[in-house]
Amino acid sequence: MSAGENGGSGGCINGIKSALRVIPNFPKPGIMFQDITTLLLDPKAFKDTIDLFVERYKDKDISVIVGIEARGFIFGPPIALAIGAKFVPLRKPKKLPGEVISEKYILEYGSDCLEMHVGAVESGDRALVVDDLVATGGTLCAAMNLLGSGAVEITREAIVRAC
Ligand SMILES: O=P(O)(O)OC[C@H]1O[C@H](OP(=O)(O)OP(=O)(O)O)[C@H](O)[C@@H]1O
Ligand SMILES: Nc1ncnc2[nH]cnc12
């Protein structure tokens, strides 16, 4: 689901959309790069984005926000703080110091791997996975596979859908 779906505050959606920038052919020919850095330069649009997801999830008994490196680390923590959930980072390989589980995945322009600390998400947690963007969905699938190895209820959100 992206920010523009399922209602939310209609007026804010247009402000959020117009604060995003699309750069054709970056980082490779044929890619329409959805740039969220322009949204971050607009405090109202940035806050509206966070508030929209906080409104949607504040009464849904979410116990953990799972953020995907790197841009999920921008949007996940403020949502976690506002709804009173813990924040768990999914990191690129060899960044986490403790015992990890790993999941490889294919991207629009390459392949990568995500890792999560063992025990950070526990059986019975209700998890919301947050990232800036869904393109092929490969990253989101990898995140859900990492979480799916335990008895965890999972929902997922991204700010932009690029496909
Ligand atoms: O739906 P997908 O095809 O999997 O693509 C979406 C992912 O790609 C981007 O991250 P990227 O891997 O470029 O890393 P970054 O956030 O560290 O720049 C984006 O932030 C998503 O995580
Ligand atoms: N089209 C896109 N725009 C921004 N980030 C991306 N990551 C993968 N595909 C992307």
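In this predicted model, an oxygen atom of ligand 1 is 2.5 Å from an N or O atom in the side chain of Thr139. Taken alone, ligand 1 exposes 500 Å², and the protein buries 86% of that area. The points below begin with the surroundings of the ligand and then turn to the protein as a whole and to its cysteines.

**Contacts with ligand 1**

- The side chain of Lys92 also takes part, since one of its polar atoms lies 3.2 Å from an oxygen atom of ligand 1.
- Ala70 meets the ligand through its backbone, where an N or O atom lies 3.1 Å from an oxygen atom of ligand 1.

**The shell around ligand 1**

- There are 16 residues around ligand 1, and those that come nearest are Asp131, Asp132, Ala135, Thr136 and Thr139.
- Sorted by the character of its residues, the shell around ligand 1 consists of 6 nonpolar, 4 polar and 6 charged residues.
- Two elements, the strand β7 (126-134) and the helix α5 (138-148), each supply at least two residues of this shell.
- With 4 residues, β7 provides the largest share of the shell around ligand 1.

**The protein as a whole**

- The protein contains 5 helices and 8 strands, and when they are read from the N terminus on, these elements follow one another in the order α-β-β-α-α-β-α-β-β-β-β-α-β.
- The protein has 163 residues, of which 41% count as buried.
- Its accessible surface comes to about 8,400 Å², and carbon and sulfur atoms account for 55% of that surface.
- If one takes the contacts in the protein with a separation of 6 or more, 61% of them are between residues that stand 24 or more positions apart.

**Cysteines**

- The structure holds 0 disulfides, and for Cys113 the nearest cysteine sulfur, which belongs to Cys141, is 15 Å away.
- A disulfide requires two cysteine sulfur atoms within 2.5 Å, and because the nearest cysteine sulfur to that of Cys113 is 15 Å away, Cys113 is in no disulfide.
- Is Cys113 buried or exposed? Cys113 has a relative accessible area of 10%, and because buried means under 20% relative accessible area, this residue counts as buried.

Key
Residues are numbered from 1 along each chain as its sequence is written. Chains are lettered from A and ligands numbered from 1 in the order in which they are written. This is a predicted model: local features need pLDDT of at least 70, side-chain atom pairs count only at pLDDT 80 or more; totals for chains, interfaces and linings use all residues. Side-chain values use heavy atoms; hydrogens and water are left out. A residue is near a molecule or strand if one of its heavy atoms lies within 4 Å of it. A polar contact is a pair of N or O atoms within 3.5 Å; within protein, one must be able to donate a hydrogen and the other to accept it, and residues adjacent in sequence count only if both atoms are side-chain atoms. Accessible areas come from the Shrake-Rupley method with a 1.4 Å probe; for residues, only the protein chains shown count as cover. Ala, Val, Leu, Ile, Met, Phe, Trp, Tyr, Cys and Pro count as nonpolar, Asp, Glu, Lys and Arg as charged, and the others, Gly among them, as polar. Buried means under 20% relative accessible area, exposed over 50%, partly exposed in between (1.4 Å probe, protein chains only). Contact means heavy atoms within 4.5 Å.
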